[in-house]
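The following exercises invite the reader to examine a structure step by step. Each task is followed by a worked solution.

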Amino acid sequence: MWPSASTVFKAQPCPAGDSCEIPYCLFSHKQSTTPAGSAALAPQNTLSVGQPPAKRLRLVHDDVPHTGQSDQTSVHAADPPIFTGLRAPQSTSTPQKHEAIPTTVLKQTPADGTTDNALPRTAIKPVSPPPKKANTAIQSEPEVEVKLIPRTIQHNPIPIAKRLVRLQAIHKMMTPLNDKTAKALKASTKALHLSANQLTKLAIDEEALVATKNTVVYDNVINHRILGFKKMTQEEWVAARREAAGIKDNELPKKAPPKKVETGLRGKEEVMFLSTMLAPQERLVAHGFVTKKPSKAEIEDCRLSQVASDFWEVCDRCRTRFQAFPERREKDGALTSGGKCKYHWGRKVYPKKSRGEEQGSAKYSCCNEPMGSEGCIECDTHVYKFTNVKRMSLVMPFIETPQNDKVEPHTAVCFDCEMGYTTQGFELLRLTVVSWPSHRPIIDVLVRPLGFILDLNTRWSGITMDQFLNAKPYDPANPKPNRRDMRIVDSPYVARQLFLAHVSPTTPVLGHALENDLNVIRLIHPTIVDTVILYPTPKGLPYRNGLKALAKAHLDMDIQQGGSSGHDSYEDARTTGELIRFKVAQNWKKLKDEGWVVRDGGVFPPLPVGLPAPNIPAAPSMIPLPRMAAPNGGTGMKRKFGETEDDD
């Protein structure tokens with residue numbers, strides 16, 4: 001190994017002498033005239049046959065300064081061996097007189113001043129005390145480097161090379177999110193930054209989880225996950241890292257609340273102003289509102305047609321034909337036929353095109369797969385719904401809002417419903433009603449449907465099976481809603497009666513796409529304020545603005561952030577009410593600048609020039625609110641829950 005060193009050591013007799021047990025020892029073991037007992041203590045200048053005489057070495061104590069003189073001291077036979085890097089093994093025949101290395105270590109220095117081959121003092125100094133135990137909370141063992149290779153599983157859904165491509169895509173999408181975390185200003189957020197090795201492990205775990213649990217639809221699910229990481233915001237990434245680390249989310253920076261809408265009107269005056277924003281009859285019909293009940297003969301014809309079709313339906317998700325059995329199939333108790341349902345829950349997304357280019361093919365927003373591809377989600381049963389008024393009336397008849405003298409004047413309600421799939425189609429599962437403009441909750445209950453539940457539609461309704469099955473019965477003696485402990489009513493009929501207790505035909509009912517909510521409770525109401533109608537799209541029908549987009553654009557509010565956990569009907573109802581207040585503020589500002597006034601239960605235009613106020617005719621110069629006006633002019637009336645007109 002060391003050619004030059006081996007030549008030097010071969011000229012020196014082994015300090016251990018005949019008792020040396022080291023194989024292939026570097027020192028000389030030739031026969032010597034030295035007695036065996038003194039072999040271990042032979043002087044260093046002992047010559048071997050055929051070798052030149054070795055230079056005499058001077059012994060210099062490390063703690064004595066060197067004077068530069070060439071004084072030479074002979075090595076005494078009783079001194080320990082000069083080679084102190086190795087401890088000579090003890091011989092059973094010849095006891096060693098010196099067994100320990102002296103505290104004052106001697107250093108070999110050739111007489112001519114050249115560098116010697118002795119070990120440095122750091123290699124032969126006494127062992128220091130053992131270090132104190134490291135703090136495991138701060139220091140840990142070095143990580144084992146992990147390569148970006150898919151984990152081996154029992155059944156590969158696709159070839160390993162294709163899995164590697166997906167894994168690399170996941171890692172690529174995670175990298176910028178992780179890099180931004182390292183640049184965060186807050187120390188608690190910066191601490192969530194993952195090392196390169198940790199990020200690789202996370203990507204491997206993510207891909208392996210999909211490959212293990214989704215062998216059949218692996219491609220669709222993994223592409224959906226890649227797209228999810230691509231669209232993920234930095235706040236969502238930090239929240240996911242906190243959840244994975246078991247850290248509570250109370251330290252996350254909270255976004256400033258949206259600015260409060262100021263209309264310039266009092267609460268009662270805002271309700272009066274709604275008379276200028278009511279949807280006309282033709283607009284209600286165009287947007288799918290039911291304005292007339294079907295006749296009994298029409299409902300009977302629909303029933304006969306359904307029996308003749310033997311209850312064959314078309315799945316609302318995968319478009320497969322199947323049978324729905326309202327009272328279960330006799331031979332096996334099944335609710336539906338057709339097996340499992342594979343579908344895409346996302347909407348169609350068309351790629352952007354430049355001028356002169358052809359429109360590209362649409363893809364699904366859920367998994368970024370092209371139209372016609374196999375579904376990325378699998379459910380146990382097919383589901384269906386219908387919008388035909390006759391069929392809806394066959395399940396539950398429509399009624400018109402009855403007169404209710406108990407409803408206080410100058411009040412309005414905003415409501416929202418959540419629906420799910422049953423053997424009777426698309427039914428009501430949750431009803432939420434809030435007062436407007438105060439947004440005070442009035443009703444918030446779960447509803448037991450008429451048919452057997454097929455799918456609670458949790459991704460949109462936000463209702464889980466555990467929540468639905470464990471809900472306590474509604475108590476009329478304690479009607480105050482409790483969102484953390486929602487009660488359940490026995491049927492949609494009961495839910496509709498609760499709603500009708502707070503409205504009359506002249507009560508403005510506010511909401512977003514209200515035709516769906518009114519149809520599911522089978523109600524025909526004439527006084528409607530709908531944000532879909534108030535905020536139309538430039539393209540017109542059938543295109544509509546979504547509630548989430550409207551809230552962000554006009555109120556700077558982020559709603560419906562639950563993802564697969566679904567929506568919150570109370571949040572949607574409140575947001576809809578604020579959007580209407582925002583429109584009230586806009587419209588009132590324009591009319592106020594033109595001289596309009598809100599008084600005496602109505603909204604009035606400016607007075608004609610030169611005409612005295614007492615002689616103004618009532619009909620031509622005023623726009624009264626006959627459906628909104630109170631018998632006493634609306635003064636001094638109290639609103640619901642005991643609040644006065646000045647409370648808002």
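**Exercise 1. Charges over rings**

Over the face of which residue does Arg317 lie, and at what distance from the ring centre?

Solution. The model under study is a predicted one. Arg317 lies over the face of Tyr421, and the distance from the ring centre is 5.8 Å. A further case is Arg241, placed over the face of Trp237 at 4.8 Å from the ring centre.

**Exercise 2. An aromatic pair**

Determine how the rings of Trp345 and Trp460 are arranged, and which parts of the chain they link.

Solution. Step one is the count: the structure holds 6 aromatic pairs. Step two is the geometry of the pair in question. The ring centres of Trp345 and Trp460 are 6.2 Å apart and the planes stand at 65 degrees. Planes over 60 degrees apart count as edge-to-face, so the pair of Trp345 and Trp460 is edge-to-face.

Step three is the location. Trp345 belongs to the loop between strand 5 (341–343) and strand 6 (348–349), while Trp460 is in helix 12 (residues 458–461). The two are 115 residues apart, and the pair thus links distant parts of the chain.

Step four is the accessibility. Trp345 has a relative accessible area of 23% and is partly exposed; Trp460, at 37%, also counts as partly exposed.

Elsewhere, one aromatic cluster is formed by Phe322, Tyr384 and Phe386.

**Exercise 3. The nonpolar cores**

Identify the element that supplies the largest share of the largest nonpolar core.

Solution. The largest nonpolar core has 33 residues. Among those with the most contacts inside this core are Phe273, Trp436, Leu510 and Ile580. Helix 8 (267–273), strand 10 (412–422), strand 11 (425–436), helix 17 (547–555) and helix 18 (569–594) each contribute at least two residues to this core. The largest share, 8 residues, comes from helix 18.

Leu510 may be taken as an example. Leaving aside residues up to four places away in sequence, Leu510 touches residues including Leu274, Phe415, Trp436, Val529 and Ile580. A second, separate core has 28 residues, including Ala279, Ile442, Val447 and Ala495.

**Exercise 4. Helix 18**

Compare the expected span of helix 18 with the distance between its end C-alpha atoms, and describe what is found at the start of the helix and after it.

Solution. Helix 18 has 26 residues, which at 1.5 Å a residue should span 38 Å. The end C-alpha atoms are 38 Å apart, in agreement with that value. At the start of helix 18, a side-chain oxygen of Asp568 comes to within 3.1 Å of the backbone nitrogen of Tyr570. Gly595 follows the helix and has a positive phi, near 105 degrees.

**Exercise 5. Backbone features in loops**

Locate the cis peptide bonds at Pro437 and Pro542, then state whether His410 and His439 are buried or exposed.

Solution. A cis peptide bond with omega of about 10 degrees joins Trp436 to Pro437, and Pro437 is in the loop between strand 11 and strand 12 (441–447). Another cis bond, with omega of about 10 degrees, joins Leu541 to Pro542; Pro542 lies in the loop between helix 16 (531–534) and helix 17.

His439 is also found in the loop between strand 11 and strand 12. His439 is not a glycine, yet its phi is positive, about 60 degrees. Its relative accessibility is 7%, so His439 counts as buried.

His410 is in the loop between strand 9 (399–400) and strand 10, with a positive phi near 60 degrees. At 4% relative accessibility, His410 counts as buried.

Notes
Residues are numbered from 1 along each chain as its sequence is written. This is a predicted model: local features need pLDDT of at least 70, side-chain atom pairs count only at pLDDT 80 or more; totals for chains, interfaces and linings use all residues. Side-chain values use heavy atoms; hydrogens and water are left out. Rings of Phe, Tyr and Trp (its six-membered ring) pair if their centres lie within 6.5 Å; planes under 30 degrees apart count as stacked, over 60 as edge-to-face and the rest as tilted. Helices (H or I, at least four residues) and strands (E, at least two) are DSSP runs, numbered from the N terminus. Buried means under 20% relative accessible area, exposed over 50%, partly exposed in between (1.4 Å probe, protein chains only). A charge sits over a ring if NZ of Lys or CZ of Arg is within 6 Å of the ring centre and within 35 degrees of the ring normal. A nonpolar core is a set of buried Ala, Val, Leu, Ile, Met, Phe, Trp, Tyr and Cys residues joined through side-chain atoms within 4.5 Å. Contact means heavy atoms within 4.5 Å. The expected span of a helix is 1.5 Å times one less than its number of residues. A polar contact is a pair of N or O atoms within 3.5 Å; within protein, one must be able to donate a hydrogen and the other to accept it, and residues adjacent in sequence count only if both atoms are side-chain atoms.
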